[in-house]
Amino acid sequence: MPGPSMFHPQRRARRGAALTLVFAGVLATGAAAGSWSSQGQEGRKASEARTAPRTAARPADRAVADPGAGAGGPVDHAEVEAAAAQAVEDGRSATEAAAEVVDRSGDRWSAVYSAREYEGLERALDGAYVGVGLSARRGSGGRTEVDSVRPGSPAARAGLLPGDRLRTVDGAVADDRPVTDVVALLRGDTTALSAPGTPVRIEVERAGRSWARTLYRERLVTESVTAEHFVRGEVAAVRIKVGSFTRGTGERVRAAAAAARPGEGILLDLRGNSGGLVREAVTAASAFLDGGLVATYDVHGSQRSLEARPGVVTALPLVVLVDDGTMSAAELLAGALQDRGRAVVVGSRTFGKGSVQMPSRLADGSVAELTVGHYRTPAGRAVDGQGIAPDLLVHGDAEERARTVLSGLGGGS
């Protein structure tokens with residue numbers, strides 16, 4: 001089994017074996033609704049694609065985050081494995097027996113997955129997910145809005161556009177609801193509902209006009225990193241948007257940073273990023289840091305560290321955009337760049353998922369991911385339940401303010 005993880009599938013809606021895999025922010029946040037997180041959490045964004053959550057702290061492997069308060073009481077692997085083994089011997093479901101033990105612990109980050117569900121989570125970390133291709137964000141007044149729409153996706157074919165107000169999803173009101181919950185609705189809260197071809201009914205509003213559409217979920221592959229060069233006034237920069245930390249994301253961030261042109265600054269957008277593989281976040285950090293500490297974590301009290309390798313753009317002006325949809329591995333990256341004095345962090349306080357989960361295989365092939373420790377930033381700040389406070393708190397247009405800050409740092413033409 002792999003090592004610790006920060007993965008977080010927005011854990012499961014604790015209802016027996018039913019799981020709500022909301023890799024909010026990974027594929028959904030800013031990715032594609034019905035995908036992981038609904039692509040965009042915005043004020044908190046979430047993208048469905050990331051719904052295959054996992055930002056559990058597998059430092060060298062993955063990270064996951066889920067909305068909610070901190071973890072409850074710890075549960076021991078031995079106890080869970082023993083319950084599963086006894087269930088098999090008694091002719092009962094090992095998965096359900098293990099889940100009962102985990103549920104009693106009250107730890108919202110620990111979870112039990114069937115072998116099939118766990119395979120799905122692993123596939124999601126490769127950037128594949130089932131959804132409708134839109135990302136969501138929190139707008140003004142508690143509104144839930146479409147943040148972005150994936151070209152060629154069900155959402156795109158239905159004519160949805162960024163800025164559209166998402167009023168309801170399958171009859172549930174979207175406003176004043178956590179973006180991650182909206183993403184869960186878009187994806188479906190059970191394995192059956194989230195399958196390709198299943199319908200989701202949404203009500204949308206644009207310019208005072210409302211209409212409803214039924215979208216059919218599809219299997220989509222998301223691009224975890226996008227980069228665009230822009231010039232606005234005296235500011236010339238490259239905006240690197242990281243939707244989730246799936247496999248290969250770290251190297252893609254390094255490549256995007258290396259492509260920055262002379263005189264440009266860098267705007268690293270981690271809004272709505274629900275996490276993913278911790279090792280990918282560490283690789284991404286190495287694009288901007290000249291080696292050194294990225295984070296520390298403990299496993300049953302044993303302290304360990306995550307180190308960056310020499311970077312590629314260690315001097316260019318850097319501003320990092322975050323929001324309350326920035327989770328887990330994405331929080332580690334933002335915290336490292338902030339503590340190391342490498343970047344100015346702009347936006348709103350991040351989610352606060354910083355616990356480490358370690359997976360173990362149970363008697364029937366299912367997998368238990370249990371909390372074994374917590375992450376800290378280079379300066380020793382706890383992330384779990386605290387989040388990362390931005391250097392500049394912005395309630396309105398955070399990106400516009402970030403561009404202004406970047407100009408002040410010397411990012412210009």
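**View 1. Lys 353 lies over the face of Trp 109, 5.0 Å from the ring centre.** What counts here is NZ of Lys or CZ of Arg within 6 Å of the ring centre and within 35 degrees of the ring normal. Over at Phe 230, the charged end of Arg 403 sits 3.9 Å from the centre of the ring. A heads-up for every view: this is a predicted model, where local features need pLDDT of at least 70 and side-chain atom pairs count only at pLDDT 80 or more, while totals for chains, interfaces and linings use all residues. Residues are numbered from 1 along each chain as its sequence is written, and side-chain values use heavy atoms, with hydrogens and water left out.

**View 2. Tyr 113 and Tyr 118 make a tilted pair.** A search of the whole structure turns up 3 aromatic pairs. In this one the ring centres are 6.1 Å apart and the planes meet at 45°, so it goes down as tilted. (Rings of Phe, Tyr and Trp, the last by its six-membered ring, pair if their centres lie within 6.5 Å; planes under 30 degrees apart are stacked, over 60 edge-to-face, and the rest tilted.) Tyr 113 is buried at 0% relative accessibility, and Tyr 118 is buried too, at 4%. (Buried is under 20% relative accessible area, exposed over 50%, partly exposed in between, with a 1.4 Å probe and protein chains only.)

**View 3. Tyr 297 and Tyr 375 form another tilted pair.** Their centres are 5.4 Å apart, with 45° between the planes. Tyr 297 belongs to strand E17 (residues 292–299) and Tyr 375 to strand E22 (residues 367–376), so the pair ties together parts 78 residues apart in sequence. (Helices, H or I with at least four residues, and strands, E with at least two, are DSSP runs numbered from the N terminus.) Both rings belong to buried residues: Tyr 297 has 8% relative accessibility and Tyr 375 has 1%.

**View 4. Helix H3 has buried residues on one side.** In H3 (residues 115–124), the buried ones are Glu 117, Tyr 118, Leu 121, Glu 122 and Ala 124. They cover an arc of only 160° around the axis, which puts them on the same side of H3. (The arc is that of the directions from the helix axis to the C-beta atoms.)

**View 5. The largest nonpolar core has 45 residues.** (Such a core is a set of buried Ala, Val, Leu, Ile, Met, Phe, Trp, Tyr and Cys residues joined through side-chain atoms within 4.5 Å.) Helix H8 (residues 328–339) chips in the largest share, 7 residues. Ile 266 is one of those with the most contacts inside the core. Leaving aside neighbours within four places in sequence, Ile 266 is in contact with residues including Ile 240, Phe 288, Val 319 and Leu 406. (Contact means heavy atoms within 4.5 Å.) Apart from this core lies another, of 17 residues, among them Leu 134 and Trp 211.

**View 6. Asp 170 and Asp 176 sit in loops.** Asp 170 has a positive phi of about 50° although it is not a glycine. Its loop runs between strand E9 (165–169) and strand E10 (172–173), and Asp 170 is partly exposed at 45% relative accessible area. For Asp 176, phi is positive as well, near 60°. Asp 176 lies in the loop between E10 and helix H5 (179–187) and counts as exposed at 63% relative accessibility.
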